[in-house]
Amino acid sequence: MPDPAVVISVADLVKSFADTEGGQIRVLDGVTFDVLRGETLVIMGGSGCGKSTLLNCLIGEYQVDSGRILYRTKDMAEPCDITGASEVEFNEIRKRFGILFQSGALFNSLTVAENVALPLEEHSEVDPAVIDFVVTMKLQQVKMLAHRDKLPAQLSGGQKKRAGLARATALDPEILFYDEPSAGLDPVTSAAIDNLMMDLSKKLQVTSVVVTHEMDSAFRIADRMIMLEKGRGLRCGPRREFESLRDTPRETLSDPSDRLINQFLNGHGAGPLTDAEGMTEFEKLIGVR
Amino acid sequence: MSAAPVSEDSRRSGLRVAVESVGRAADAQARGVRRRVSFVGGLAALLGTTTHWCYRGMFVPGIRLRRAALAGQMVRIGTRAVPIVVLVQVFIGIILALQMAPTLESYGQLERVADVIAIAIVRELGPLITGIVLSGFAGASIAAEIGAMVESEEIKALRAHALNPFHFLVVPRFLATVLSLVGLAVIADVVGVFGGFLTGWWVLDVPAQTYLDLTREALELKDYLTGLFKAGVFGVLIAMIACYEGLHVSGGAVGVGRATTATVVKCIVALIGTDAVFTAVFYAWGI
């Protein structure tokens, strides 16, 4: 990772899981991309394309089979490959990123304020009064101050995501990961969460990596996008490139991968993604079977 | 002429079916053995990790033993179990006294019911019955709680915040279960003997002073210590099985339900099995 503007560099990432018959299913099959400092990269793709697995690899939940994931945060002189890092080394990187989980993943036994305070209490030696001030500030940022003493069970889906976002930003991270931030939300709440994400990116100047298959949300927040299909990176580029592909009539597209991306972005029921006649165009493209 | 090859084919086919069914049965057995070995290995690994984090929490500067969480778990596991342990042990004392009375009376030794109850409760039934009660009371609850946390991505969130789930979740529950079970065993000993005393005094007409004197004479320090040692080991088993089952939950609500059932069943089997081993060892060593 010679370029200092690159915060995360993923190269040739392969991850397989055992299936029920003793075989292996390759979920990630040589994914390669970079995440640049300060940008919002959207990882998208249909169900089962490997985007959640990719996120789990990026945050160290899954051990990869091969490939590398290099992190370079501001305080690091040299990039660190987390695929070979010890738990202690990786924990130092974890302190530099925050994650908004699909369900919010708030600790149910703690109040909203206690959830946000937890990373601060565990990873800093600051006075409880300072922690309380930071918690108030973080909850104010996501407009959840009025709910600070509520338990997660008392919150709506959107409120849980807001509280999760406050917790994710508690340690002022450099990188924020979002796992399906719009999932399960109505369009208005979803747009509000998107605005909040963009607002936080601007105010905190964080690098954001968003996993989603909600296209409206993706086009609202993305600087760059990567399309995954069958565990491979099909296309990675700026948002306008994908906007142009989306708006091009599919009859005029000759490249199979363009036609596949066009179908996904427009949500068409018929096309190479859903071709039921034997091998799909994408399978032909990547040479499956 | 054409009958012979058909017969040969059917013989081969029958042989193949037989070999396949033997193979399948062997495979199923091997998987079962592997699962059990993996479970025992997993428990041992979990115990090792938990002990390591207990040590770090107590002696390594900068790593805090989560005292508030420990106190909360002790209230939940220990204090709240006191009424049920008291109730069960009083009944055990009464049952033992009434079951032993006819036999002892036939030898003209009815007052010896005090000795029998004291030894049985303090060495055996106090810790064992308390352990079994706690398997259902605390073990199932720990497994369900941790399992639900796994399903709602809370464990993943802990790791993502560079917080170790063993330090954060397992250690407080482990210490609370062990300490609570030892404390509850002391209460169980006293209450169980008291249940026997009430029955001996009121129902069997054994003089109160005679009963108390015989109880005191029957018990030695080693009886208390072996009972409390077993209680501590039972606490370790319950905490480890419950945490292990909870951490390995998969499959949503069904998986959580399966984990709680498995915890109770495995705890009871493990407790009784371990008790049998300890009793045999103590007998062999004359303790």
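Me: Into which domains is chain B divided?
Reply: Domain bounds come from an automatic or database domain assignment. Chain B is divided into domain 1, residues 1-63, and domain 2, residues 66-285. This is a predicted model, in which local features need pLDDT of at least 70 and side-chain atom pairs count only at pLDDT 80 or more, while totals for chains, interfaces and linings use all residues. Residues are numbered from 1 along each chain as its sequence is written, and chains are lettered from A and ligands numbered from 1 in the order in which they are written.

Me: What separates the centres of the two domains of chain B, and how many residues does each put into the contact?
Reply: Taken over C-alpha atoms, the centres of domain 1 and domain 2 of chain B are 32 Å apart. Two residues are in contact if their C-beta atoms, placed from the backbone, lie within 7 Å. On that basis nine residues of domain 1 of chain B meet 11 residues of domain 2 of chain B. For the classes, Ala, Val, Leu, Ile, Met, Phe, Trp, Tyr, Cys and Pro count as nonpolar, Asp, Glu, Lys and Arg as charged, and the others, Gly among them, as polar. The domain 1 side has five nonpolar, four polar and no charged residues.

Me: What is the radius of gyration of chain B?
Reply: The radius is taken over C-alpha atoms, and the globule rule is 2.2 Å times the number of residues to the power 0.38. A compact globule of 287 residues would come out near 19 Å, but chain B has 25 Å. The C-alpha trace of chain B spans about 95 × 65 × 35 Å along its principal axes. Of the contacts in chain B between residues at least 6 apart in sequence, 87% join residues at least 24 apart.

Me: How many helices and strands does chain B have?
Reply: Helices (H or I, at least four residues) and strands (E, at least two) are DSSP runs, numbered from the N terminus. Chain B has nine helices and zero strands.

Me: Is Ser180(B), in helix H6 of chain B, buried or exposed?
Reply: A residue is buried if 20 or more other C-beta atoms, placed from the backbone, lie within 10 Å of its own, exposed if 12 or fewer, and partly exposed in between. Ser180(B) has 29 C-beta neighbours inside 10 Å, so it counts as buried. Leaving out residues up to four places away in sequence, Ser180(B) touches Met74(B), Ile77(B) and Gly78(B). Over chain B, buried residues make up 39% of the 287 residues.

Me: How many residues does each chain bring to the contact between chain A and chain B?
Reply: Chain B supplies 10 residues and chain A supplies 14 residues. The chain B side divides into four nonpolar, two polar and four charged residues.

Me: In chain A, which way do the residues of strand E3 point?
Reply: In a regular strand the side chains alternate between the two faces of the sheet. Thr40(A), Val42(A) and Met44(A) point one way from E3(A), and Leu41(A) and Ile43(A) the other way. Five of the five residues of E3(A) are buried, so this strand is largely enclosed by the rest of the structure.

Me: Which strands are joined to E3(A) by bridges?
Reply: Two strands pair if DSSP finds at least two bridges between them. E3(A) runs parallel to strand E8 (residues 207-212) of chain A, with five bridges, and parallel to E9(A), with four. Thr40(A) has Ser208(A) as its partner in E8(A), while in E9(A) Val42(A) is matched with Met225(A). E9(A) itself is joined by six bridges to the antiparallel strand E10 (residues 232-238) of chain A. The hairpin of E9(A) and E10(A) has two residues between the strands, and Lys230(A) there takes a positive phi near 50°.

Me: What is the strand order in the open sheet of four strands in chain A?
Reply: The order is E2-E1-E4-E5, with antiparallel pairing. E2(A) and E5(A) stand at the edges with a single partner strand each, so one side of each is left without a neighbour in the sheet. Two bridges join E4(A) to E5(A), and Leu70(A) has Asp81(A) as its bridge partner.

Me: How many residues of helix H5 of chain A are buried?
Reply: H5(A) is mostly covered, with 10 of its 12 residues buried. Its buried residues pack against several elements of chain A, including strand E6, helix H3 and helix H6.
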